[in-house]
Amino acid sequence: MHSCLQICEVLRNIFSALNNYEDITLDVQKPSRPVDGVDVRRQTLARLARTCRTFSELALDVLWAHIDTLNPVVQCLP
């Protein structure tokens, strides 16, 4: 991994920009709006959190910073 991706401030800015970016798509034909009830931006942040330990904490912070409904929290309960 490039050394600039190990700087917390850089990663936080990248993940925050990703979370606020409107034109993220999974495919050229698919819109960035929720696909099957899942926001593509949130899905991307969740995938980044699972990529490596360096990304995990910061991606999860951005992912959980704003929650529209309580469904994600309830799904975490046993």
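The following is an exchange about how the terms used for this predicted model are justified.

Reader: What makes up the chain, helices or strands?

Author: The chain has four helices and zero strands. Along the sequence the pattern reads α-α-α-α. Of its 78 residues, 22% count as buried.

Reader: How do you know that the length of α1 fits a helix of 13 residues?

Author: Helix α1 covers residues 8-20, and its first and last C-alpha atoms are 18 Å apart. The expected span, at 1.5 Å a residue, is 18 Å, and the helix is close to that.

Reader: What about α3, which also has a span to compare?

Author: The 13 residues of α3 should span 18 Å, and the end C-alpha atoms lie 19 Å apart, so the value agrees with the expectation.

Reader: Which residues of α1 are buried, and what puts them on the same side?

Author: Leu 11, Phe 15 and Leu 18 are the buried residues in α1. They cover an arc of only 60 degrees around the axis, so they lie on the same side of α1. An α-helix has 3.6 residues a turn, so residues three or four places apart point the same way. On the other side of α1, Glu 9, Asn 13 and Asn 20 are exposed.

Reader: What covers the buried residues of α1?

Author: The cover includes α2 (40-49) and α3 (53-65). For the buried residues of α3, in turn, the cover includes α1 and α2. Those buried residues of α3 are Phe 55, Leu 58, Ala 59, Val 62 and Leu 63.

Reader: Why is Arg 41 called buried?

Author: Arg 41 has a relative accessible area of 18%, and buried means under 20%. The value is below the cut-off, so Arg 41 counts as buried. This arginine is found in helix α2.

Reader: What makes the approach of Arg 41 to Asn 19 a polar contact?

Author: The side chain of Arg 41 reaches the backbone oxygen of Asn 19 at 3.4 Å. The limit for a pair of N or O atoms is within 3.5 Å, so the distance meets it.

Reader: Why is Arg 12 called partly exposed?

Author: Arg 12, in helix α1, has a relative accessible area of 38%. Buried is under 20% and exposed is over 50%. The value falls in between, so Arg 12 is partly exposed. Arg 12 and Ala 59 are 47 residues apart in sequence, yet their C-alpha atoms are 7.6 Å apart in space.

Reader: How is Thr 69 classed, and where does it lie?

Author: Thr 69 lies in the loop between α3 and α4 (71-76). Its relative accessible area is 41%; with the cut-offs at 20% and 50%, Thr 69 is therefore partly exposed. A polar atom of its side chain lies 3.4 Å from the backbone nitrogen of Asn 71.

Reader: Which helices supply the largest nonpolar core?

Author: This core has 12 residues in all, among them Leu 11, Leu 45, Leu 48 and Val 62. Helices α1, α2 and α3 each supply at least two of its residues. The largest share, five residues, comes from α3.

Reader: What does Leu 48 touch?

Author: Not counting residues up to four places away in sequence, Leu 48 touches Phe 15, Leu 18, Phe 55 and Ala 59.

Reader: How much area does the chain expose?

Author: The chain exposes about 5900 Å², and carbon and sulfur atoms supply 55% of that area.

How values were computed: Residues numbered from 1 in each chain as written. Predicted model: local features only at pLDDT ≥ 70, side-chain atom pairs only at ≥ 80, totals over all residues. Heavy atoms only, no water. Expected span 1.5 Å × (residues − 1). Buried < 20%, exposed > 50% of the residue type's maximum accessible area, 1.4 Å probe, protein only. Arc of directions from axis to C-beta. Contact = heavy atoms within 4.5 Å. Polar contact = N/O pair within 3.5 Å; in protein donor to acceptor, adjacent residues only side chain to side chain. Core = buried A, V, L, I, M, F, W, Y, C linked by side-chain atoms within 4.5 Å. Areas by Shrake-Rupley, 256 points an atom, 1.4 Å probe, with all protein chains shown as cover.
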